[in-house]
Amino acid sequence: MTRTPPTPPAPSSPAGISMGAALNQALRDAAAEDPDVVVYGEDVGALGGVFRVTDGLSREFGSDRVFDSPLAESGIIGTAIGMAMYGLRPVVEMQFDAFAYPAFEQLVSHLAKMRNRTRGTVAVPVVVRVPYGGGIGGVEHHSDSSEAYYTHTPGLRVVTPGTPADAYSMLREAIACDDPVVFLEPKRRYWSKEDVELPVRTEPMARSVVRRPGDDVTLVAYGPMVETALEAAAVAAEEGRSIEVVDLRQLAPWDDSVVTASVRRTGRAVVVHEASVFGGYGAEVAARVSERCFHHLEAPVLRVGGLDVPYPPPKLEHLHLPGVDRILAAVDRLQWEAGWTSDTGAPGVGA
């Protein structure tokens with residue numbers, strides 16, 4: 001059956017602040033406090049970025065600190081590494097997820113390894129902002145969920161906010177960090193709003209948080225899927241099932257303490273992400289939970305993700321992206337007292 005999320009209550013502030021605006025304010029505050037912060041990338045200057053996240057920053061701080069780069073992603077990362085080695089704190093934008101692939105060699109071979117290569121003597125405090133994921137009607141090369149590529153690379157911190165408050169706080173923390181940070185921004189949530197006053201400091205970005213407490217199942221999500229997971233938990237509550245939602249926030253290095261504590265209590269877990277299931281980040285979460293919570297599990301850890309196909313055309317992306325129905329279908333397939341089916345035919349769901 002099709003589940004319809006309940007209408008959320010109206011926020012205390014009818015306006016609220018969007019994730020895009022929170023990111024913009026984080027960049028502005030960081031640049032104002034530290035003259036070593038420079039912001040650049042394709043169209044981030046006069047235009048203010050494709051999604052207007054850098055809107056107004058070039059006018060405020062000047063073209064020597066916020067500026068447009070050539071259309072050369074490898075060059076963007078390469079120059080950022082050099083700037084960081086000489087004391088600056090570059091914040092660069094890749095514009096779209098798949099546009100970052102030409103820069104992958106610089107990320108993997110140099111940015112991720114420089115501090116280790118120099119035995120800690122050379123820090124490279126570079127933040128690589130990557131708008132990622134689908135849900136905006138974008139064509140291929142504009143909607144990838146490429147987090148697994150980065151999390152598989154030791155030396156990189158990989159983080160992704162799921163709320164406007166986290167977007168502000170985590171970006172400020174990332175800019176202040178002496179490690180290179182791949183900051184994945186869920187582009188479909190740029191317009192999601194939250195009643196929060198900036199500046200704000202949330203939990204440290206390395207720590208996962210429980211977004212909604214529950215007793216029956218642990219639903220693990222991050223980035224764009226946090227809001228979807230909360231919608232699914234709200235629908236499940238109307239059906240009498242209590243789902244705990246955990247937002248991972250930092251994907252690498254990953255502190256699994258919050259997730260494992262939750263699963264040891266609930267006995268069941270479902271991991272959800274937009275990326276394809278096979279080889280996706282959810283596989284690492286499922287493996288870690290299985291290793292560390294084996295004697296507490298009442299059912300196998302399930303995964304819900306995108307289909308194992310190249311990202312589809314805009315009119316078909318709703319079939320590719322996980323939604324409330326597919327998440328709750330996975331929850332229904334967990335071993336419950338009412339029975340269990342081993343059928344794994346549901347699209348985008350693996351055991």
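These are my notebook entries on a predicted model, taken one topic at a time.

**Entry 1: the sheet**

I began with the strands. I found 7 strands forming an open sheet, in the order 3-2-4-5-7-6-12, with mixed pairing. Strand 3 (66–68) and strand 12 (250–252) are the edge strands, and each of them pairs on one side only. I then looked up the twist: direction ignored, neighbouring strands of this sheet are turned by 20 degrees against each other on average.

A reminder to myself: strands of a sheet pair through backbone hydrogen bonds, either parallel or antiparallel. I picked one pairing to follow. Strand 5 (residues 127–132) and strand 7 (residues 181–186) run parallel and are joined by 6 bridges. Which residue of strand 7 stands opposite V130? I looked, and L184 is the partner.

Next I asked what helix 7 touches on the sheet. Helix 7 (residues 164–176) packs there against strand 2 (37–41), strand 4 (89–93), strand 5, strand 6 (157–159) and strand 7. The direction of helix 7 makes about 160 degrees with that of strand 7.

**Entry 2: strand 10**

Is strand 10 enclosed or open to the outside? I checked its residues: 5 of the 5 are buried, so strand 10 is largely enclosed by the rest of the structure. In a regular strand the side chains alternate between the two faces of the sheet. I therefore took the two sides of strand 10 in turn, and both faces are covered. V217, L219 and A221 are buried on one side, and T218 and V220 are buried on the other.

I also looked up a partner for this strand. Strand 10 pairs with strand 11 (residues 243–247) in the parallel sense, over 5 bridges. Within this pairing, T218 stands opposite E244 of strand 11.

**Entry 3: two helices side by side**

Two packed helices are described by the angle between their axes and the distance between the axes. For helix 3 (residues 73–85) and helix 4, I noted an angle of about 25 degrees and axes 8 Å apart. Angles under 35 degrees count as roughly parallel, so helix 3 and helix 4 are roughly parallel to each other. From helix 3, the contact is made by S74, I77, G78 and I81. From helix 4, Q106, L107, H110 and L111 take part.

**Entry 4: aromatic rings**

How many aromatic pairs does the structure hold? I noted 10. The pair I opened first was F104 with Y150, which is tilted, at 6.1 Å centre to centre and 55 degrees between the planes. F104 lies in helix 4 (residues 104–111) and Y150 in helix 6 (residues 147–151), so this pair ties together parts that are 46 residues apart in sequence. I compared their surroundings too: F104 is partly exposed, with a relative accessible area of 28%, while Y150 is buried at 2%.

I then turned to Y222 and Y281. Their ring centres are 5.6 Å apart and their planes stand at 85 degrees, so the pair is edge-to-face. Y222 is in the loop between strand 10 (217–221) and helix 8 (225–238), whereas Y281 belongs to helix 10 (residues 281–292), so parts 59 residues apart in sequence are tied together. Both tyrosines are buried.

I also followed a cluster: ring pairs link F51, F96, F99, Y190 and W191.

**Entry 5: charges over a ring**

Last, I looked at W336. R241 lies over the face of this ring, at 4.1 Å from the ring centre. The charged end of R268 also sits over the ring of W336, 4.1 Å from its centre.

Methods: Residues are numbered from 1 along each chain as its sequence is written. This is a predicted model: local features need pLDDT of at least 70, side-chain atom pairs count only at pLDDT 80 or more; totals for chains, interfaces and linings use all residues. Side-chain values use heavy atoms; hydrogens and water are left out. Rings of Phe, Tyr and Trp (its six-membered ring) pair if their centres lie within 6.5 Å; planes under 30 degrees apart count as stacked, over 60 as edge-to-face and the rest as tilted. Helices (H or I, at least four residues) and strands (E, at least two) are DSSP runs, numbered from the N terminus. Buried means under 20% relative accessible area, exposed over 50%, partly exposed in between (1.4 Å probe, protein chains only). A charge sits over a ring if NZ of Lys or CZ of Arg is within 6 Å of the ring centre and within 35 degrees of the ring normal. Two strands pair if DSSP finds at least two bridges between them. Axes are lines fitted to C-alpha atoms, for helices over the stretch in contact, and angles run from 0 to 180 degrees between N-to-C directions. Contact means heavy atoms within 4.5 Å. Angles under 35 degrees count as roughly parallel, over 145 as roughly antiparallel, 65 to 115 as roughly perpendicular and the rest as oblique.
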